[in-house]
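Open the model in your viewer and get ready to select residues. This tour goes looking for enclosed empty space.

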Amino acid sequence: MLKNYNPETINIYFINFPTNFINFPTVQIFDYGNQQLYPCRTPAAARSAHHHRQTNVAFTTPSNYAERLSSILTLKGFNPLWLPTITTHSTPHTKSSLKPYLRPPPNSAPNHPPPINDFAVLAFTSRAGISAFRDAVEELDRRPLLPDGGEFVIAALGYDSVLLDDAFVDRVCENVGRVRIAVPEVATPSGLVAELGLGRGRKVLCPVPLVVGMEEPPVVPGFLNELEKSGWVAVRVDAYETRWAGAESGRRLVAVEENVDAVVFTSTGEVEGLLKSLKEMGWDWGMVRRKWPQLVVAAHGPVTAAGAERLGVDVDLVSSRFGTFEGVVDALHLRLSGS
């Protein structure tokens, strides 16, 4: 029992213990107050420290992906170094952008259907978009999608689709049988367009990020353009903001004295964020390469790899399985273990 604590300052910690954790080199402590991950050595690390050094893998995801990727890296025996380069979060502006699609138009009759009923598809390209939409729906006093009507498709990429569970669908529409979940076999925006097929003039609502303080990667504009070419009327809505996380990631990377064996990027925005942080420190990517000549740059899928290359960051490894983070971590493990 905690006594005499200040609820405004207390931090909440999540400790990630792998199964049979005593045989693993580290566990991860996630401090929700400071949004930081801290590695904690286990007895296995103490027993094996004199046999070999740990393999350090930096990764740059925002906090909504950090705990999961850190856990997967740890289970493979890596020592994760979290260097978040971007943040993703809802703002009053993005919430106000979503609400007009979920509520009846102003001055309309009380039973007037919300504009989302004019759409055939709700297409998500990120986990943050799903979370932002879910939060907006939970603030409503009634479900936005009418129970009667044709099939309504909710689409997402790869592992993000686990958020589209029964509870999510039930909050969107009382008649869950009206809703179909679509997950493309190839977890890319282009794969999502292919999964949806020809639009024939139908409308698709796309909750995507508003990029602030950085150049918007071509991923979302390209996705919307592909939808239009396939006959869809694509409507973009700013569901959340993606912002540069500041220079801290660059400072922390430059300050690392031990070897960094690999870095994992899961989006183009993360790459740009790191480069911007390094620039604040008077560094560039070439200096990182010179400090750690054996550094392996791993990209979570071809879209991220193409974005990194466009920004001047050469990629050494691209996972062929990019529906989940396990794909890139498994590929990295094979590369670094020499298997």
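How do the residues of the lining of the largest cavity divide into nonpolar, polar and charged? Keep that in mind while you find the place. You are looking at a predicted model.

**Stop 1: the centre.** Select Tyr65, Thr125, Ser126, Thr266 and Ser267. Of the 43 lining residues, these are the closest to the centre of the largest cavity. The space there comes to about 860 Å³.

**Stop 2: the walls.** Now colour the helices H2 (63–75), H4 (127–138), H7 (219–229), H9 (268–280) and H11 (302–310). Add the strands E6 (86–89), E10 (203–212) and E11 (233–244). Each of these elements gives two or more residues to the lining. H9 supplies the largest share, with 4 residues.

**Stop 3: the two domains.** Colour domain 1 (55–85 + 246–338) and domain 2 (89–104 + 113–243) in two shades. The lining of the largest cavity takes at least three residues from each of them.

**Stop 4: the chemistry.** Back to the opening question. The lining of the largest cavity has 20 nonpolar, 16 polar and 7 charged residues.

**Stop 5: another cavity.** The count is 2 cavities of 30 Å³ or more. To find the second largest, select Ala58, Leu83, Leu253, Val260, Val263, Leu274, Trp285, Val288, Trp292 and Leu295. These residues line a volume of about 40 Å³. Which classes appear in this lining? It has 10 nonpolar residues, no polar ones and no charged ones.

Conventions: Residues numbered from 1 in each chain as written. Predicted model: local features only at pLDDT ≥ 70, side-chain atom pairs only at ≥ 80, totals over all residues. Heavy atoms only, no water. 1 Å grid on protein atoms, 1.4 Å probe; cavity = no way out; pocket = protein on both sides within 12 Å on 5 of 7 lines; lining within 4 Å. Points joined across faces, edges and corners; volume = space filled by probe spheres on them. Nonpolar A, V, L, I, M, F, W, Y, C, P; charged D, E, K, R; others polar. Domains from an automatic or database assignment.
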